[in-house]
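Q: Please take a close look at the place where the two chains meet, and describe in one connected account what each side brings to it and how the neighbouring strands are paired.

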Amino acid sequence: MKQVDDIKKYFKEARITTNESKDNDVFNKILDAANKNKTSANKLSTWRIIMKTKITNIAAAAVIFIAVMLILQNGSVNIETPAFGLDDIATAIQNAEWIHCTMTLEELSGNTDDSPMGIGEGWESWQSVQPSLSIEKHSNGTIYFTEEDIAKTSIYDPESNIINVKYKQLSDSQETYASISDMFTAQFTDIKNRFDKVKYEEGVFEGQPVTIISIDYTSEGGLHSIISIVVDPETYLPKKTCIQQAFLKKNLTAKMTGIYDYPKSGPVDIYELGAPQDAKVVVIDSIDMRDNPELIEALTPYNKARENLVSDYILITTYQYGSSVHTITVTYNQGRRQRSEYHPVWGSVNSEDDKIGYKEALGDSFDSMLKWSQDYENSKGKNLSIHIYDGEYYYRAEKDPLDEWTINEKQQWPDHNPIGLNDLSDWGWPNILPKNNVTKIENDYSRENNLIAFERILEPDIRRDGKLACAAQKDIHYLDPSRDYMCVRKEQFHRMIRGGIEIKDVEFDLNEIPDELSSVRFVSEFGQTDNGQWYPKKIEKHSKRWDADGKEKPLSLSLIHTLYLKTNPEFPEGIFDPNNLPKEDD
Amino acid sequence: MLEDKVLIFKFKRGCNDALRRIYEKYRNDLLKLAIVMTNDINTAEDVVQDVFVNFVRSIDTIKPHGNLKQYLMTSVANRIKNRLRDISRHPTCSDENLDKQLTDSDNPERWAILSEQLQLISKAMTKIPLDQRQTIALHLQGDMTFRQIAKVQDASVNTIQGHYRYGIKKLRTLLNSEVTK
């Protein structure tokens, strides 16, 4: 038999097929698991419907109340018209600054195994529009505190003593309400047609005469509800709701009552509701990343300078640790087209002789470096990766030390160049997004050096395995208006994490940003092209590190980048042509 | 990639055809990865089935912008790594046993049917260390870059490249000795 030289090809050619009948058996098992998963989810959602239905939300309860009134006034239900009208109720609700409700589970029967609460348990809720807050405190100690304007929900879990903070992305079209009354009215249309039967009667509540509205309806999903709303005929405000629900398909029934009052104020934060001050706060979702119009304006000159950067150039960048160059990148840029080559030197320079040899070959000029990179490309036994963006598609080819090429499938990127590394813009004009987590600031450094500063806050990064990849971080970018708004300095502040630690074991505040720098990257030498374009010629990075015992060491020089730029060059023929990339068989 | 996002989106909304498409799209690749890592068709079939079952159970937590193939491949590799570590506490299999495990693939009741070439590779792979085996399998079969594998294995890229380089050399020697027999 033939010798196996091309392992990769040999590997790819090794075939596997499957038995069709077994294929179906296995798929059916997977499908079963999927269906069981859905059933399990349904169990929960059933409980969500019954225990957390909108109707049990005090705001929605009042909506129903208004809806009932509308139905009555419109004459769609043939019963006696109540003694008070919609306007009276709307005015009464509008005047209520806060609505407070205590919901309690009073009866429970049927398939109750998965009940999230027992008889006598429930929750308290508060709602206001100014400020826009929705709050729930459950009898098991869990607290939900939602600031609707910024879509932020803080959830206190008493078992772990952790407050999880979640942010929901706000859309610009999200509705906001000026008052509770507006909110109810806006929601009215949605539920107007849900009711089958509405009953109106006089009654007594806490020794006082009241009006009782009863609604009876069955949803398409088989949830049958009978809702009674007790209304004070003098103030026109709901005083009590009683909700009986039966999920017919699941043999599950429950009855909850809600008692309402209308205080002048409500809880201001989650701690006022009983969350301990020492509870650990964990931010587990991204903050609002909507565009910030003020920042768009503030960043206009920077972005213009970024767009007007010289577009035809070859840029060679060295990465130097200590006295040795670790990596060399070569970027060819012509308009929207770009080719980026990544030449790792480390590993191919082992002995002192090697070091001297490569330093001589590399030289210290643009031409010697370019020649070195071209020779490197043809040399054996070295890693190399080449990225090409042709203005629409992105291509990547990688060579391993065995000189085997991997060609990745091309990807369409019609809007922008996805490479974005090691080009002029990356080094001097990185993308600063005008999002809400970025603010324009002034500090001593910016004032003393006549620079414009933008601060960006990043939330803690928690990995999928529950480990902390990075605590909260602050970056400050300093832009120099006298040098084409180049970003001349970038500071980073964050607590150093080594190797990722279990989130439950974290003893410090994830959101705390230390005052001390963890790293700083700055331009230590500037260059200028023939047409006056500034560019960073030398960039230094100073970072904190750890000693052998795992203790942080002070900032020290960790990396030097030297940039060799040639503008408007004569590009090698076909350098941007993806067809000229090596093939897998090469 | 876009297709995967659409399939996950559809499956999350209850479309079983989308699940079938995902299953058919990646089944063979996952089986092949599992077989070259274990040389044990029974284990490979179990692992792949488990990975799909786990995938459907955790579908709500899977983000559609992720790389589905990489997710599934990594799941297979990690499960095998865990199993092999468990097995390593017990007496190791002899060559004879390994051969027997693969000849089981001729059984018509088997799910996976292997070509002779794949059987040779699988057998040779068992003779190189687990880390090297995982790196080679994920790179060649999983189409993962060294950087991605380094992330999965929580190791440096240099280490992974070393695993790959040494593993490939050994594998080449083993395969050549096998094919010239």
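A: In this predicted model, 37 residues of chain B are in contact with 29 residues of chain A. On the side of chain B that touches chain A, the elements giving two or more residues are helix H2 (16-38), helix H3 (41-57), strand E1 (112-114), helix H6 (116-125), helix H7 (130-141) and helix H9 (157-179) of chain B. The most is given by H9(B), with ten residues. Sorted by character, the residues of this side of chain B comprise 19 that are nonpolar, eleven that are polar and seven that are charged.

Strand pairing also links the two chains, since strand E1 of chain A (residues 16-18) and E1(B) run antiparallel and are joined by three bridges. Within this pairing, A:Ile16 has B:Leu114 of E1(B) standing opposite.

Turning to pairing within chain A, strand E2 (residues 98-110) of chain A is joined by seven bridges to strand E3 (residues 122-128) of chain A, the two running antiparallel, and here A:Gly122 in E3(A) is the residue opposite A:Thr104. E2(A) is also joined, by ten bridges, to strand E12 (residues 252-261) of chain A, again in an antiparallel arrangement; in that pairing A:Leu105 has A:Met256 of E12(A) as its bridge partner. As a general point for reading such strands, the side chains of a regular strand alternate between the two faces of the sheet.

Note on methods:
Residues numbered from 1 in each chain as written. Chains lettered and ligands numbered in written order. Predicted model: local features only at pLDDT ≥ 70, side-chain atom pairs only at ≥ 80, totals over all residues. Pairing = 2+ DSSP bridges. Helix = DSSP H or I, 4+ residues; strand = E, 2+ residues; numbered from the N terminus. Contact = placed C-beta atoms within 7 Å. Nonpolar A, V, L, I, M, F, W, Y, C, P; charged D, E, K, R; others polar.
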